[in-house]
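User: I am new to this structure and would be grateful for a close look at a single part of it. Please choose one place where two elements pack together and explain how they meet.

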Amino acid sequence: MFETLLHLHLLGMLHLLAFLLFYLLSTCLLPLVEPLFFWIAWFAIFLLSLPCITIAGDILGDGDSSQIVIDEIMATFALLYLLPLGILTWIVAFFLFRFFDIVKPWPIRWLDAKVHGGFGI
């Protein structure tokens with residue numbers, strides 16, 4: 001009887017230690033792993049959008065139609081993810097993004113002129 005209680009006690013302690021180890025690893029590693037999940041999802045959406053952009057451009061008759069906004073969405077997601085949280089930061093980032101999207105400084109202007117299709121948008 002005593003051995004059974006001792007085994008149950010040790011088993012309970014091992015479960016508790018395993019839980020504590022899992023908790024420590026998840027709280028310490030999650031901030032390191034979470035960006036990986038974001039960038040994998042972002043890249044997957046980017047790759048899936050390329051043929052859709054090309055098809056939409058063909059249907060609309062304009063390879064860089066203003067109706068195609070996935071490029072702005074993807075760039076905004078990446079930009080806001082990299083910036084610190086804060087409404088002021090995001091507002092400034094939005095206006096700077098729009099400014100550079102309109103002005104298209106080098107090398108963006110060069111890429112815009114040379115690269116066509118889904119990747120060019």
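**A helix pair in its setting**

Analyst: In the protein chain, 59% of the contacts with a separation of 6 or more join residues that lie 24 or more positions apart. The model is a predicted one. Its protein chain has four helices and zero strands, and the order of elements from the N terminus is α-α-α-α. Of the 121 residues in the chain, 12% count as buried. The accessible surface of the chain is about 9700 Å², and carbon and sulfur atoms hold 80% of that area.

The part chosen here is the packing of two of these helices. Two packed helices are described by the angle between their axes and by the distance between those axes. Helix α2 covers residues 70-82 and helix α3 covers residues 87-103; the two pack at an angle of about 140°, and their axes are 11 Å apart. Because angles over 145 degrees count as roughly antiparallel, the pair falls outside that class, and α2 is therefore oblique to α3. The crossing of α2 past α3 is right-handed.

Which residues make the contact? On the α2 side they are Glu72, Ala75, Thr76, Leu79 and Leu80, while α3 contributes Trp90, Ala93, Phe97, Arg98 and Asp101. Sorted by class, the contact of α2 with α3 comprises six nonpolar residues, one polar residue and three charged residues. Among the nonpolar ones are Leu79 of α2 and Phe97 of α3, whereas Glu72 of α2 and Arg98 of α3 are among those that count as charged.

Terms used:
Residues are numbered from 1 along each chain as its sequence is written. This is a predicted model: local features need pLDDT of at least 70, side-chain atom pairs count only at pLDDT 80 or more; totals for chains, interfaces and linings use all residues. Side-chain values use heavy atoms; hydrogens and water are left out. Axes are lines fitted to C-alpha atoms, for helices over the stretch in contact, and angles run from 0 to 180 degrees between N-to-C directions. Angles under 35 degrees count as roughly parallel, over 145 as roughly antiparallel, 65 to 115 as roughly perpendicular and the rest as oblique. A crossing is left-handed if the near helix is turned anticlockwise from the far one by less than a right angle, and right-handed if clockwise. Contact means heavy atoms within 4.5 Å. Buried means under 20% relative accessible area, exposed over 50%, partly exposed in between (1.4 Å probe, protein chains only). Accessible areas come from the Shrake-Rupley method with a 1.4 Å probe; for residues, only the protein chains shown count as cover.
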